[in-house]
Amino acid sequence: LTDCARALANLCSLDKAQHAIYRQGGLKILDTLSNADCEACKRYVAIALRFMATSVEVQRSLLAEEDALSLYLGFFTSASLDYQRSAAASFSSMSQTEEGRLMMKKDGISAVLRLCSHTDLHVRRNAVSAVANLAASPDTRQYIAMEGGVDVIRFASAANSDVDFLRGATRAMSNLAVDTAIREAMISQEIPKALSKLAKSADSETQRFASLAFCNLCVGTRNQKESIVKQGVLRVLLFILRYPDLEVERRASLAIAALSLGSSQNKLQIVGAGIVQSLLEATSYPDLKLRHFALLALNSLVQSTESKTKHHVVQENGLSSLLSVLKSCKDDESIHACIYLLGSLAEDVDILKAIVDMDSFLPLVVQKLDAAETIETKRSAAYFLALLSEYQEYHRRLQEAKALRSAVELISLVDEESQYYGAFAFALLAKNKSFQVPLTKMGGVRPLVSIMASKHSDARHWAGLALLKLADNFNNHITIAEEGGIQALLQLGGEEGAGVTVANLAKRAFDANFKK
């Protein structure tokens, strides 16, 4: 019997032979041999079954049977440590394939979770690896939660110090946290607190999976985010944000960004924890992703009607950091995030003045707007220029930075959001009498008329006001008439001064044609 078991173990080690062995009844023979009294025979049977579990073809065939896992489940409940180790290793192999996960859905998940608390380290390692693999699939994730998997992983990770086990446990947590329903259970069972300890591990892989789990957990509801912060994760996020591992730093930045969104309470606590300075330092890193994610986190912090977080960013020398980013960055994602952040900060009047007083900012924004490859960058720059155009005292600065031409280009774009901000800025700039003729000569009339022709455009109101303001200047009348401005202005209907303006334009156009 021992020789027979050894021969089968040797044959099963060959990948090409595994399915043939199954077709010829090899599993039934191994099942019979597993009941032998010889320990050596049992050991060979355990090895053979472990090899068989790695074959996708064998798994596919087993899937068609009713008791697909009966043999492996029998090993799981066996008193033999070799059989228990074989069952755990087999479950780990099966969990890596779709067929294997489908087999384990019914009875295998509860067995694997029980093995996570086994006294043998090898069994625990393979069991937690299987849970992590199963948690990566949306089809099996819910079954893990229903079997109490969240609590099992939390308890097991607290009771273990083995690096390989903790690596598998954090990987399982990061995969489970993707699911919205499971996320609520994980937060209520204080998984963030458990992750805070794992994130400080000396093992880089454990740290990476812990930071990824934080990322996935932090994208929940406002109550969930505030509950996570109450579990003391901010100090840990600050720690890993400064850790010399790019993957960990990136994920820490994204976790901070997620925690900030939608919660004013969290924003104030993040600012109070001293995280802003570290995020600003990260914007100067050469790694594009880390720089982009740090800018996203800063954007999330200042997205508020309150000015406390905005002023804190400025107090931490944030404007100088943003200026450095604009000067040195060439990737469009970071440029967009930087200008977007600048626009959010500029919503505060005092900060807007500080930005304008730094002479380099405005010309750089206009330059980046002209060179932008993506519409998102154009939108963020357009919003910033629209904020500036509200204040008459900044109009000269806008003219010096060649922003008038940028306003004309913005209203000429197909994108509605860019058009809206552009028309808003254009209308306010057109109130300045010294700009009315230059804006017309730059070709501003035709795009305004085009916007007016679109009945569903949000920018239509501001385009009409801009056209009215341009028509205040006698020197623009001929151009406006030639570009179809009279018909566009007639559409304004009851707008104050529209009728008089149309009459003046019509008279001017008639006189010009009469002279010809």
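Me: Hi! How many helices and strands does the chain have?
Reply: Hello! In this predicted model, the secondary structure comes to 37 helices and zero strands.

Me: Is the chain a compact globule or more spread out?
Reply: The chain is more spread out than a compact globule, because its radius of gyration is 33 Å, well over the 24 Å that the globule rule gives for 516 residues.

Me: What box do the C-alpha atoms fill, then?
Reply: Along the principal axes, that box is roughly 115 × 45 × 35 Å.

Me: OK, new topic. What share of the residues is buried?
Reply: Of the 516 residues in the chain, 55% are buried.

Me: And what about the surface, how much area does the chain expose?
Reply: About 23,300 Å² is exposed, and carbon and sulfur atoms supply 51% of that area.

Me: Can we zoom in on one helix? Which residues of helix 15 are buried?
Reply: Sure! They are Ile191, Pro192, Ala194, Leu195, Ser196 and Leu198. That makes six of the eight residues in helix 15 (residues 191-198), so this helix is largely enclosed by the rest of the structure.

Me: What covers those buried residues of helix 15?
Reply: The cover includes helix 12 (149-159), helix 13 (163-176) and helix 14 (180-188), along with helix 16 (204-217), helix 17 (222-230) and helix 18 (234-241).

Me: Back to the whole chain. What share of contacts joins residues at least 24 apart?
Reply: Counting contacts between residues at least 6 apart in sequence, 69% join residues at least 24 apart.

Me: Last one: how many positive and negative charges are there, and where do their mean positions lie?
Reply: There are 57 positive and 57 negative charges, and their mean positions are 3 Å apart.

How values were computed:
Residues are numbered from 1 along each chain as its sequence is written. This is a predicted model: local features need pLDDT of at least 70, side-chain atom pairs count only at pLDDT 80 or more; totals for chains, interfaces and linings use all residues. Side-chain values use heavy atoms; hydrogens and water are left out. Helices (H or I, at least four residues) and strands (E, at least two) are DSSP runs, numbered from the N terminus. The radius of gyration is taken over C-alpha atoms; the globule rule is 2.2 Å times the number of residues to the power 0.38. Buried means under 20% relative accessible area, exposed over 50%, partly exposed in between (1.4 Å probe, protein chains only). Contact means heavy atoms within 4.5 Å. Accessible areas come from the Shrake-Rupley method with a 1.4 Å probe; for residues, only the protein chains shown count as cover. Lys and Arg count as positive and Asp and Glu as negative; His and the chain ends are not counted. The place of a charge is taken as NZ of Lys, CZ of Arg, CG of Asp or CD of Glu.
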